[in-house]
Structures are given as structure tokens and as C-alpha cells.
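User: I am new to this structure and would like a close look at a single part of it, taken slowly. Please concentrate on the aromatic rings and how they are arranged.

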Amino acid sequence: MITTEEQNEQALALLEGLMAIKGRTSEQNQILQLLVLLIEKFEQGHYPLEASTPHSRLLHLMEARNLRQSDLVEVIGSKGVTSEVVRGKRAISKNQAKALAEFFHVAPGLFV
């Protein structure tokens, strides 16, 4: 069980490390799935989504991972489109939501 921000950050770091492994073993995949569940449970309790928007969720994920707009250009598309999405001037498309979900290891529904 994850009960503190520090534990959550450690779990996120472990998750990212596991995601980077090519050809994970079945045991590593099981650990990865367990970490996702634990992280989701912690974050649902500590970061309720009811008051958030797809844009604010994107900004939160960027802040939590110390990312800048330029870090998302390859994920979202062009510099101009990325700028508009990050500034909230353009809605996140379904394809962008899928790409962002894969990049951040979260459900695409967070961005729709």
C-alpha cells in the first residue's frame, strides 16, 4: 500500500524503470501491473479528478515529472500544436490523448 507522497514517487520511479525494460519477464510484468494499481489507488485518493480538466491533468503530470512543453513535442506533434495544447488554447484530440496516456503510463480517459 502507498500512503505517502514519498512512497508514491518511489513507486513511480520503479514503474518507469520497469517500463524501460525491453522483453520484460512475466514476473516483471506482474510487478508493473501491481505498481500501476497501487499508484492509481493512491492518486485517486489524493488527487480527485472531479475538479480537474484534461488540461489541468496534463499540467499536473508535466509538473510531477519536471517536464517542459518541448518534452512533449514528439508525443503531441508539432511545436505549435504542442504549445496550444499545453496553454489550453486547443483541446486534446483522441489521438493525442492516446499518445499522452502511453507516454505518462496512465489511462487515455484522463485527457478526454
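Analyst: What follows looks at the aromatic rings, and then turns briefly to a pair of helices. Please keep in mind that this is a predicted model, and that every value below is computed from it.

A pair of aromatic rings is described by the distance of the centres and the angle of the planes. The count here comes to 2 aromatic pairs. In one of them, F103 and F104 are arranged edge-to-face, with 5.0 Å from centre to centre and 85° between the planes; this angle counts as edge-to-face because it is over 60 degrees. F103 is partly exposed, at a relative accessible area of 33%, whereas F104 is buried, at a relative accessible area of 1%. F104 also pairs with F111, and here the rings are tilted, lying 6.3 Å apart centre to centre with 35° between their planes. F111 is buried, as is F104, and the ring pairs link F103, F104 and F111 into a cluster.

For the helices, the axes of α1, which spans residues 5-20, and α2, which spans residues 26-46, come within 10 Å and cross at roughly 145°, in a crossing that is left-handed. On the α1 side the contact includes L12, L15 and L18, and on the α2 side it includes I31, L35 and F42. Sorted by class, the residues of this contact are 12 nonpolar, 2 polar and 2 charged.

Definitions and conventions
Residues are numbered from 1 along each chain as its sequence is written. This is a predicted model: local features need pLDDT of at least 70, side-chain atom pairs count only at pLDDT 80 or more; totals for chains, interfaces and linings use all residues. Side-chain values use heavy atoms; hydrogens and water are left out. Rings of Phe, Tyr and Trp (its six-membered ring) pair if their centres lie within 6.5 Å; planes under 30 degrees apart count as stacked, over 60 as edge-to-face and the rest as tilted. Buried means under 20% relative accessible area, exposed over 50%, partly exposed in between (1.4 Å probe, protein chains only). Axes are lines fitted to C-alpha atoms, for helices over the stretch in contact, and angles run from 0 to 180 degrees between N-to-C directions. Helices (H or I, at least four residues) and strands (E, at least two) are DSSP runs, numbered from the N terminus. A crossing is left-handed if the near helix is turned anticlockwise from the far one by less than a right angle, and right-handed if clockwise. Contact means heavy atoms within 4.5 Å. Ala, Val, Leu, Ile, Met, Phe, Trp, Tyr, Cys and Pro count as nonpolar, Asp, Glu, Lys and Arg as charged, and the others, Gly among them, as polar.
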